[in-house]
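Me: I'd love to walk through this one with you. Could you help me read it, step by step?

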Amino acid sequence: QVQLVESGGGLVQPGGSLRLSCRASGSIFSIVVMGWYRQAPGKQRELVAAAPSGGSIYYADSVKGRSTISRDNAKNTVYLEMNSLKPEDTAVYYCNAVYRMVVGGPTISNWGQGTQVTVSS
């Protein structure tokens, strides 16, 4: 079984920064993509940033230029650093990983439990 464990959320003042981490542990053969989504109250979950293996990094327009997603492949870990935070960045942030557990096996999508980010003075 594969688990995704997130950390790094919290209360941040507008204009501040934070770094989220998500580590995938368990029986993983290869990772296709790791990314971050967020869901604000009353809104749909949206993709914030994604880092595919061997592909181009994606950023949502709302965070482009002030966010950096990165991966440590040896640790199956993805990071999201966000700067110049705004109140509208307030949401629960979810880590997602798409992976294969065996060679040639199906791709599996899995989610972390979510971490709250609140941007407020």
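Reply: Gladly! Contact here means heavy atoms within 4.5 Å. This is a predicted model, where local features need pLDDT of at least 70, side-chain atom pairs count only at pLDDT 80 or more, and totals for chains, interfaces and linings use all residues. Residues are numbered from 1 along each chain as its sequence is written, and side-chain values use heavy atoms, with hydrogens and water left out.

Me: Which residues does Leu80 touch, not counting residues up to four places away in sequence?

Reply: With those sequence neighbours set aside, Leu80 touches Leu18, Arg19, Leu20, Trp36, Val48, Ala49, Ser67, Thr68, Ile69 and Tyr93.

Me: Which element gives the largest share of the largest nonpolar core?

Reply: A nonpolar core is a set of buried Ala, Val, Leu, Ile, Met, Phe, Trp, Tyr and Cys residues joined through side-chain atoms within 4.5 Å; buried means under 20% relative accessible area, exposed over 50%, partly exposed in between (1.4 Å probe, protein chains only). Of the 30 residues in this core, Trp36, Ile69, Leu80 and Tyr93 touch the most other members. Strands are DSSP runs (E, at least two residues), numbered from the N terminus. The largest share, five residues, comes from β9.

Me: Where do Cys22 and Cys95 lie, and how many residues apart in sequence are the parts they tie together?

Reply: The two form a disulfide, with sulfur atoms 2.1 Å apart; the cut-off for such a pair of cysteine sulfur atoms is within 2.5 Å. Cys22 lies in strand β3 and Cys95 in strand β9, so the parts tied together are separated in sequence by 73 residues.

Methods
Helix = DSSP H or I, 4+ residues; strand = E, 2+ residues; numbered from the N terminus.
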